[in-house]
Amino acid sequence: MKKKLNIFYISYDGITDPLGQSQILPYLLGISKNKIYKITIVSFEKANNYLLNKDLILKKISSNNINWIPLKYTKHPPILSTIWDIYKLNRIIKNLNYLGVDLIHSRSYITSIVALAFKKKQNVPFIFDMRGFYADERVDGKIWNLNNFIHKKIYKYFKNKEKEFLQFSDYTISLTESGKKEILNWKLPNQSPIKVIPCCTDKKLFNLKNIKNIRADIGFDKDDFIISYVGSIGTWYMLDEMLDFFKCLQIKKPNAKFFFISRDEPQLILDKVKNKKIDSRLIKIYPSSREMMPSYIALSDISIFFILPVYSKKASSPTKMGEIMSLGIPIICNSGVGDVDRIMKDSMENFLINDFSYQEYVRVINLVLDDFEFDKQKVISTAHNYFSLEIGIKKYMEVYNKALN
């Protein structure tokens with residue numbers, strides 16, 4: 001009988017977060033079906049999400065070969081809280097070492113600080129699952145100001161660590177081909193091999209067969225034309241520009257409604273709506289559980305997301321893209337983000353916005369309203385080809401096998 005391999009999956013994102021439920025747990029549940037792997041998850045959980053979703057997560061992992069060690073995520077004070085979390089993670093990994101670690105799978109940069117140190121001391125292979133260009137994201141998102149001495153020091157620290165992660169890891173995971181190409185252009189010596197695995201979608205969940213008719217429950221009339229936005233409104237998502245697009249759409253399509261499927265505080269959106277002089281009765285904002293998300297998205301006639309097309313977004317893969325496309329919903333989005341251009345050109349090229357101008361908005365709106373020939377099945381098949389969870393799981397296991405051998 002083959003020896004079980006102890007995989008430590010360490011993540012600064014919580015698995016009780018919506019992101020953790022869509023972009024951590026499904027992969028690990030799939031990998032755990034291969035009984036040779038014994039998986040231990042160490043994750044940082046936010047208090048509210050942990051209370052709400054702990055039992056759901058425990059139920060999902062109880063029948064699989066997965067152990068879970070939740071740590072409390074610390075938010076304040078800035079910088080010091082992160083240092084404290086790194087200390088807690090380092091202590092946990094040291095305490096767990098008696099189990100015998102065969103491989104550390106580290107999600108993003110914060111946890112990779114611990115994984116790298118552990119590899120240097122214990123010679124345990126680790127996978128750098130980078131999830132994006134962390135330091136550049138902090139600058140592009142105006143979280144760090146390089147004119148600030150402390151921020152500049154932190155930025156340089158993480159850029160140096162980034163090079164170490166790329167050189168000393170046994171494998172690097174990039175979310176995009178665009179990100180991989182950028183890294184290879186750096187020509188780092190002893191660069192670890194890179195595997196591209198985008199934010200995948202569970203087609204068993206995001207499937208037209210799972211749709212429940214909730215249109216009346218949400219309060220939409222049968223003739224409403226629904227444009228949706230899925231997910232949080234944060235640093236990268238261009239709410240002002242998306243509302244400008246909606247204003248253009250509403251002029252040409254008076255029965256248009258903007259449906260935000262989001263857990264964000266509604267007032268954050270409604271304040272912007274008011275500033276844009278949009279009638280708030282045209283806006284609906286609802287949170288959704290992961291299980292109900294397909295039914296909410298399926299209400300859409302079209303869906304939209306605009307993302308800041310900055311340098312760091314070369315490495316980004318919008319989770320929402322695969323979920324929306326898997327339901328055959330047309331997407332209106334902008335160019336210059338990760339592999340979005342290539343995916344759109346494979347399925348619905350004419351809905352790709354090249355700039356945030358009135359002329360571009362009207363061009364796309366006219367296509368939508370003039371019954372532009374739209375191949376729904378092609379969009380679904382493109383999603384299945386590019387964002388397949390099954391393929392993603394298979395690629396992760398290939399990486400595990402190569403890192404362990």
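**View 1. Many elements cover the buried residues of helix H2 in this predicted model.** The cover includes three strands: S1 (5-11), S2 (37-45) and S3 (66-72). It also includes helix H1 (18-23), helix H3 (47-62) and helix H17 (389-404). H2 itself runs over residues 25-32. How many of its residues are buried? The count is 8 of 8. They are Leu25, Pro26, Tyr27, Leu28, Leu29, Gly30, Ile31 and Ser32. For reading any helix, remember that an α-helix has 3.6 residues a turn, so residues three or four places apart point the same way.

**View 2. Helix H2 helps to line the second largest pocket.** This pocket holds about 310 Å³ of space. Its lining has 15 residues, and those closest to the centre are Pro26, Lys33, Asp202, Lys204 and Leu389. Which element gives the most to the lining? H2 does, with 4 residues. Both H2 and H17 supply at least two residues each. By class, the lining has 7 charged, 6 nonpolar and 2 polar residues.

**View 3. An open sheet is built from 6 strands.** Read across the sheet, the order is S10-S9-S8-S11-S12-S13. The pairing is parallel. Which strands lie at the edges? They are S10 and S13 (352-353), and each pairs on one side only. In general, strands of a sheet pair through backbone hydrogen bonds, either parallel or antiparallel.

**View 4. Strands S9 and S10 pair in the parallel sense.** S9 covers residues 256-261, and S10 covers residues 283-286. The two strands share 4 bridges. Find Phe260; its bridge partner in S10 is Ile285. Now add helix H11 (residues 266-275): S9, H11 and S10 make a right-handed β-α-β unit. The loop between H11 and S10 holds Lys277, which reappears in View 6.

**View 5. Strand S11 pairs with S8 and with S12.** S8 (residues 225-230) and S11 (residues 302-305) pair in the parallel sense over 2 bridges. Here Ile227 stands opposite Ile302 in S11. S11 and S12 (residues 331-334) also pair in the parallel sense, over 3 bridges. There Phe305 stands opposite Cys333 in S12. Are the faces of S11 covered or open? Both are covered. Ile302 and Ile304 are buried on one side, and Ser303 and Phe305 are buried on the other. Helix H13 (residues 319-325) joins the picture too: S11, H13 and S12 make a right-handed β-α-β unit.

**View 6. Three loops hold backbone angles worth a look.** Most residues other than glycine have a negative phi, and most peptide bonds are trans. Start with the loop between S3 and helix H4 (80-96), the place of Pro77. A cis peptide bond joins His76 and Pro77, with omega about -5 degrees. Next comes Lys187, in the loop between helix H8 (177-185) and strand S7 (194-196). Lys187 is not a glycine, yet its phi is positive, about 50 degrees. Is Lys187 buried or exposed? Lys187 is exposed, with a relative accessible area of 69%. Last is Lys277, between H11 and S10. Lys277 is not a glycine either, and its phi is positive at about 60 degrees. The relative accessible area of Lys277 is 74%, so it counts as exposed, the cut-off being over 50%.

Methods: Residues are numbered from 1 along each chain as its sequence is written. This is a predicted model: local features need pLDDT of at least 70, side-chain atom pairs count only at pLDDT 80 or more; totals for chains, interfaces and linings use all residues. Side-chain values use heavy atoms; hydrogens and water are left out. Buried means under 20% relative accessible area, exposed over 50%, partly exposed in between (1.4 Å probe, protein chains only). Contact means heavy atoms within 4.5 Å. On a 1 Å grid over the protein atoms alone, a cavity is a set of points where a 1.4 Å probe fits but cannot get out, and a pocket is an open set with protein on both sides within 12 Å along at least five of seven lines; lining residues have an atom within 4 Å of a point. Grid points are joined across faces, edges and corners, and a volume is the space filled by probe spheres set on the points. Ala, Val, Leu, Ile, Met, Phe, Trp, Tyr, Cys and Pro count as nonpolar, Asp, Glu, Lys and Arg as charged, and the others, Gly among them, as polar. Two strands pair if DSSP finds at least two bridges between them. A crossover is right-handed if, with the strands pointing away from the viewer, the path from the first strand over the helix to the second runs clockwise.
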